[in-house]
Amino acid sequence: MKFGVIVFPGSNCDHDAYHVLSKHVGQPVDFVWHKQTDLSDYDAVVVPGGFSYGDYLRAGALAQFSPVMNAVRDFAASGKFVFGVCNGFQILCEAGLLPGALMRNKDLHFVCRHVNIRVENGATSYTSELEAGEILSIPIAHAEGNYVCDDATFAELEKNNQIIFRYCDENGETTGEANPNGSRSNIAGICNRQGNVLGMMPHPERACEELLGSNDGRDIFRSLTKAITNNE
Amino acid sequence: MKAKVYVTLKPSVLDPQGKAIHHSVELLGYENIRDVRQGKYFEIALDTDLSETDARQAAENIAKNVLANPVIEDYRVEIV
């Protein structure tokens, strides 16, 4: 089993992802520079957070044209795992690997704090070690996390159980107050129809150590590791 | 030859930045302002030997594939 962490100019959560995968998940990891076009060594790639290409044009818009992204499209089409966090989620939406788009937060603020998210679907490759309804404390840090999609897309997401995480309060209620950015239906993370591509705005790689305030993110990486083992 | 590309949010998409600008405009005392929507404007310089049809085609493709996100935005191209 081997993970790749893609590095774009402006990525800044690549080392966090590398640290968690190597230290807490205990698996081999490589950094993959965005000009690389061969992902055949890997079982899963992480598209990390940060400000790829300085967020120029739109967050994630320019990274979709990096050479590595054609390889990521083929990689995803072959059923391998692609996990986008924060800017990685924005990139996967811009690249068309996930539906919808991430817009400026409703109140325009950059929000940087721990939030509660509720697991909506515990039967995916990213959540098998979690249960539906479980509440995780995971930090967010973004200005463009306001998930939007049209009604038809939203209906599809709901019908196929592609909404994986929703922002909620400490009781698990998905209230308006618990929504930090105005996302449609409190959406914090979604997957593609096949379930092998996941994007989420909260940072599970920053929530894998008690010292950092939460280790609730570990089970997402453990789930993914289990799914890769089952695939082998 | 120059292509001017205007990228605007689809009418169905809320524009928080436009709302904030609207609020500031009102604070300045301007009345009768119903709404402000923010967009983007691009100028693309093209080779002078291109026909207008080819120039338009190139600019349309650039607008569709790069400058606008069709999930949330519309675009309009002018050739001058």
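Two worked exercises on a predicted model follow.

Residues count from 1 along each chain as its sequence is written, and chains are lettered from A in the order written. Local features need pLDDT of at least 70, side-chain atom pairs count only at pLDDT 80 or more, and totals for chains, interfaces and linings use all residues.

**Exercise 1.** Determine how enclosed helix H3 (residues 87-94) of chain A is.

*Solution.*
Step 1. Take helices as DSSP runs of H or I with at least four residues, and strands as E runs of at least two, numbered from the N terminus.
Step 2. Call a residue buried if 20 or more other C-beta atoms, placed from the backbone, lie within 10 Å of its own.
Step 3. Apply the test: eight of the eight residues of H3(A) are buried, so the helix is largely enclosed by the rest of the structure.
Step 4. Find the packing partners, with contact meaning C-beta atoms, placed from the backbone, within 7 Å. The buried residues of H3(A) pack against strands S3 (44-47), S4 (81-85), S5 (101-103) and S11 (197-200) of chain A.
Step 5. Look just past the helix: Gly96(A) has a positive phi of about 80°.

**Exercise 2.** Place Leu92(A) in the largest nonpolar core.

*Solution.*
Step 1. Join buried Ala, Val, Leu, Ile, Met, Phe, Trp, Tyr and Cys residues through C-beta atoms within 7 Å.
Step 2. The largest core holds 77 residues; Val45(A), Val82(A) and Leu92(A) touch the most other members. Helix H2 (residues 68-77) of chain A gives the most, six residues.
Step 3. List contacts of Leu92(A), leaving aside neighbours within four places in sequence: Val47(A), Val82(A), Gly84(A), Leu97(A), Leu98(A), Val197(A) and Gly199(A).

How values were computed. A residue is buried if 20 or more other C-beta atoms lie within 10 Å of its own, exposed if 12 or fewer, and partly exposed in between; C-beta atoms are placed from the backbone. Two residues are in contact if their C-beta atoms, placed from the backbone, lie within 7 Å.
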